[in-house]
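Visitor: I should like to take a close look at one part of this protein chain. Please show me the structure before I put my request.

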Amino acid sequence: MVSGGSSDLTPTVPVKIVSAGLAGCVADLVTFPLDTAKVRLQIQGEAKPLVKGQRATYRGVFGTIFTIVRTEGPRSLYNGLVAGLHRQMSFASVRVGLYDTMKQFYSRGSESAGIGSRLLAGCTTGAMAVAVAQPTDVVKVRFQAQINLPECGSVKRYSGTMDAYKTIARDEGVRGLWKGCLPNITRNAIVNCCEMVTYDIIKERILQYKLMSDNMPCHFTAAFAAGFCTTIVASPVDVIKTRYMNSVPGQYSSAINCAFTMLVKEGPTAFYKGFMASFLRLGSWNIVMFMSYEQIKRGVVRLQQSLQSAL
């Protein structure tokens with residue numbers, strides 16, 4: 001990503017990787033309840049389609065959060081947080097931290113990379129990240145979809161994060177930990193292209209036309225635009241990914257079968273279930289992540305320089 005700072009503040013690849021992972025964790029800590037609400041809205045109607053006149057359990061983003069807190073307690077909003085943090089340290093580190101490196105690779109070291117090079121970089125790092133972090137994503141979704149209502153007879157599928165990894169591997173095989181990998185690769189290729197390329201280009205144009213300096217308002221503007229564009233493009237794939245990864249063995253034969261089943265049983269609007277939750281989550285997540293990423297990068301570089309000057 002373009003930098004408006006001085007050359008002595010240019011971060012190395014390891015600094016970008018670590019900074020991206022930490023920034024992803026910060027963003028998850030702030031926005032995780034919104035992500036849980038999004039997952040609950042996306043899977044609503046999956047087990048038993050709503051009949052005409054039947055009231056949905058979850059209605060709207062904040063209504064869903066309120067319902068979860070009232071019926072299951074506030075801790076349920078953070079079901080799967082540990083797996084979520086595992087995911088960000090392995091996922092964001094690759095897809096965000098290696099974006100600039102891949103962009104330079106595809107543009108052959110050119111200072112002004114074209115849109116094609118940026119899109120290829122986004123697709124590549126997005127796919128690489130899924131290959132590394134898919135098991136953490138499966139566990140995170142399973143926990144977020146898990147409804148904790150003992151008085152109604154609901155039983156927890158997993159007692160803890162490590163138990164979830166072990167149980168899925170034992171009951172569904174190692175392949176179960178990579179369930180939904182193909183739709184997730186598709187989703188994250190799209191998400192990464194939208195997020196990284198939109199942020200990269202908007203930040204570059206803001207600095208090019210001197211609308212803002214390379215500071216937090218600039219990062220906020222570019223991150224908000226990236227979140228909005230990403231939500232519109234990626235929501236259908238995100239819903240399919242969530243449904244497929246949360247499904248029990250044999251419920252869907254493939255991600256395509258999952259999409260077809262949704263279309264037949266629930267109609268095309270099912271693909272945009274939880275859209276507002278997705279936008280609130282992706283918009284806020286992008287803002288927190290990119291702003292944290294830029295500040296952590298600079299903080300680590302300055303720390304390195306101060307340590308070097310002290311020697």
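Visitor: Leaving aside its neighbours within four places in sequence, with which residues is Arg157 in contact? Please begin there and then describe the surroundings.

Guide: The model before you is predicted. Within it, Arg157 is found in the loop between helix H5 (115-145) and helix H6 (161-172). Apart from its neighbours within four places in sequence, Arg157 is in contact with Arg142, Gln146, Asn246 and Val248. Its relative accessible area is 34%, and because buried means under 20% and exposed over 50%, Arg157 is described as partly exposed. Sequence separation and distance in space may both be given for a pair of residues: Arg157 and Asn192 stand 35 residues apart in sequence, and their C-alpha atoms are 31 Å apart.

The loop between H5 and H6 also holds Tyr158, which pairs with Phe143 of helix H5, 15 residues apart. A pair of aromatic rings is described by the distance of the centres and the angle of the planes. For Phe143 and Tyr158 the centres are 6.1 Å apart and the planes meet at 50°, so this pair is tilted. Both Phe143 and Tyr158 are buried.

A second pair offers a contrasting geometry. The ring centres of Phe228 and Phe279 are 5.4 Å apart with planes at 85°, so the pair is edge-to-face. Since Phe228 belongs to helix H9 and Phe279 to helix H11, the pair ties together parts that are 51 residues apart in sequence. Phe228 is partly exposed because its relative accessibility is 39%, whereas Phe279, with a relative accessible area of 16%, is buried. Phe224 joins Phe228 and Phe279 in one aromatic cluster. The count of aromatic pairs comes to seven.

Aromatic rings also have charged partners here. Arg87 lies over the face of Phe91, at 4.2 Å from the ring centre. The charged end of Lys179 is placed over the ring of Tyr244, 5.8 Å from its centre.

Let us turn to the interior. The largest nonpolar core has 21 residues, and Met1, Val96, Tyr199, Met289, Phe290 and Tyr293 are those with the most contacts inside it. At least two residues of this core come from each of helices H1 (13-43), H4 (99-106), H8 (181-208), H9 (216-246) and H11 (275-310). H11 supplies the largest share, seven residues. Not counting residues up to four places away in sequence, Phe290 touches Met1, Glu195, Met196, Tyr199 and Ala223. A second, separate core of 11 residues includes Ala83, Val141, Ala164 and Met245.

Helix H8 deserves a closer description. Of its 28 residues, 20 are buried, so that H8 is mostly covered under the limit of 20% relative accessible area. At 1.5 Å a residue, H8 should span 40 Å, and its end C-alpha atoms are 38 Å apart, which agrees. After H8 comes Lys210, whose phi is positive, near 55°.

Finally, consider the cysteines. The structure holds zero disulfides. Cys218 is in no disulfide, and the nearest cysteine sulfur, that of Cys229, is 16 Å away. With a relative accessibility of 0%, Cys218 counts as buried. Cys25 also counts as buried, because its relative accessibility is 12%.

Definitions and conventions
Residues numbered from 1 in each chain as written. Predicted model: local features only at pLDDT ≥ 70, side-chain atom pairs only at ≥ 80, totals over all residues. Heavy atoms only, no water. Core = buried A, V, L, I, M, F, W, Y, C linked by side-chain atoms within 4.5 Å. Buried < 20%, exposed > 50% of the residue type's maximum accessible area, 1.4 Å probe, protein only. Helix = DSSP H or I, 4+ residues; strand = E, 2+ residues; numbered from the N terminus. Contact = heavy atoms within 4.5 Å. Expected span 1.5 Å × (residues − 1). Disulfide = S-S within 2.5 Å. Phe/Tyr/Trp six-rings, centres within 6.5 Å; stacked < 30°, edge-to-face > 60°. Lys NZ or Arg CZ within 6 Å of the ring centre and 35° of its normal.
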